[in-house]
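Biologist: Could you take a close look at one part of this model for me? I'd enjoy a connected walk through the contacts there.

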Amino acid sequence: MKRRSVLAGTAVAIAATALETGPAATAATAATGAAPDAVTILPGDPRYADLVVGNNSRWVARPDSVRLVRTTEQVVRAVQEAVDGNKRISVRSGGHCYADFVFNPEVRVVIDTSLLDTVGYDERLKAFEVGAGSTLLHAYESLFKGWGVTIPGGMCYSVGMGGHISGGGYGMLSRRHGLTVDHLYAVEVVVVDAKGKARSVVATREADDPNRDLWWAHTGGGGGNFGVVTRYWFRSPDATGTDPASLLPKPPEEVLVSALALPWSELNKVSFVSLVRKFGAWHEKNGSVGSSAATLCSFLMMNHRANGSIGLLTQIDATVPDAKKVLDDFLAEVTASLSDTAVRPMSDPVGELGALPDLFTPQALPWLHSVKLLGTSNPTLTNPTLRGHHKSAYLRRNVTEAQATAMYRHLTRTDHENPASMVVLLSYGGKINTVASGDTASVQRDSVFKGLFQSFWAGAENDAANIGWTRDVYGEVFSAGGGYPVPGVATDGCYINYPDADITDPKVNTSGVPWYTLYYKDNYPRLQRIKAAYDPRNIFRHSQSITHPDHT
């Protein structure tokens, strides 16, 4: 991995594009001085079908074209052409959007940034530049191998940086190091002004930057709202000096990883409710950022009984004091109500993960090894036929006995037998909660864990059953709030990176709380003002996009 500047990286990308478009294009570029254009994929091209659907095969588009871009200049031209042609635009990086923001019938031009995947160090900005099309695993490997640093992003290896960062990404290191956006120094965005002219803007977190609001909007305001993100720059706000290796967090040299299966055959309602509440109680008690427990992250993966088991995946920094004891104490506390026979190796897929039987006894792994193992052990990411429905919740307090009982009721239903229907509880809090709610657009800053309610299936004929099941369990768990985790003492709304296709439907969301409040709370009016300033013509919009102040 060469330590190259952003300018050098861009030059390499342009050269690569010229090579791919052939000698004639290279000669034309040399003669005219013009940069090569984006690759245009039209219907009938053998690549088209792969580029008009994302990870969730429920959402498919039939655009006039897909524009595969490699440079910011190509993005500007592609956006300008679409605006001039009055064609609806959507933006794709990794293709992991849970809802129809990218792929829907109204889209006429998909701008695909997946080839904007360079990772390098920018001497001018003294920050790490990461292309919007870079996948998480590519970014982790490049940053770690090149400089020994990382960002606290998500676990799924193929998620694209474009949407992950703008929605306020988090992952297994976030309790120790905060959200990804807590380390975001700058963002480059192609926007369209009131006259319909496309241009690129670099916005930083510097207090005197006239575009600072645009930076702020990309610290949790969600993707596809303001323009096309082409690249991000990362540098921790407390970083000092000029050595790149000191400007972002260093990942643990080694982590302890545990994976347990808890067979449904060994669980009843009482033991299940105890398991869920003990998981929540531990997170209520262990949110202090300075403790060894702040380096522990766990996923309680509760598949439908048809799957056979519940899973408990846990990781902790092996280098912190008493790491093994903290992990052992956590596992013992959470599973205290279960018999010895109810804790077994994870020999079959659980949650979204494949089998991990070797982790029954916690294994010490180099950090990057663990990233690759857990990130790629995900059958749902490698099956392009799957459809999905997803809902989320920020939890400030432990779930109640009634809420855990509702989970049990739906996870053991006999009229629904999908092994890939699940409720997942995920660690949160720690360093995340040391940032004020208005300092970034990621407003939920005092939750201790999160909930993800989802189902995966194949075939449109199974849509109603699986969408219905997901709505049922989620609606009953949060029935006190009209079927949604409204901001309050115990819950704090929903995560924009897990967008919920139902959240705008008053027949499903009967809470009376608007979708934008569930995602953004008091930060929404500021996001609207930024939307009006940088996208006055509402070029960048989707089914849950931020609206102008007078269009709410």
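Modeller: Happy to, starting with Pro366: its relative accessibility is 36%, so Pro366 counts as partly exposed. Bear in mind that this is a predicted model. Pro366 sits in strand β14, which covers residues 363-366. Leaving aside residues up to four places away in sequence, Pro366 touches Glu253 and Glu254. The C-alpha atoms of Pro366 and Glu254 are 4.4 Å apart, although 112 residues separate the two along the chain.

Now to the helices. The axes of α9 (residues 269-285) and α12 (residues 401-411) come within 9 Å and cross at roughly 125°. That angle is neither over 145 degrees nor within 65 to 115, and α9 and α12 are therefore oblique to each other. Their crossing is right-handed. On the α9 side, Lys269, Phe272, Val273, Val276 and Arg277 meet a set of α12 residues that includes Ala404, Met407 and Leu411. Sorted by class, this contact of α9 with α12 has seven nonpolar, one polar and three charged residues.

Helix α12 also pairs with α13 (residues 463-477): here the axes come within 8 Å and cross at roughly 160°. α12 and α13 are therefore roughly antiparallel to each other, and this crossing is right-handed. Among the residues making the contact are Met407, His410 and Leu411 of α12, together with Trp469, Val473 and Val477 of α13. By class, the contact of α12 with α13 has six nonpolar, two polar and three charged residues.

How values were computed
Residues numbered from 1 in each chain as written. Predicted model: local features only at pLDDT ≥ 70, side-chain atom pairs only at ≥ 80, totals over all residues. Heavy atoms only, no water. Axes fitted to C-alpha atoms, helices over the stretch in contact; angles between N-to-C directions. Helix = DSSP H or I, 4+ residues; strand = E, 2+ residues; numbered from the N terminus. Parallel < 35°, antiparallel > 145°, perpendicular 65-115°, else oblique. Left-handed = near helix turned anticlockwise from the far one by under 90°. Contact = heavy atoms within 4.5 Å. Nonpolar A, V, L, I, M, F, W, Y, C, P; charged D, E, K, R; others polar. Buried < 20%, exposed > 50% of the residue type's maximum accessible area, 1.4 Å probe, protein only.
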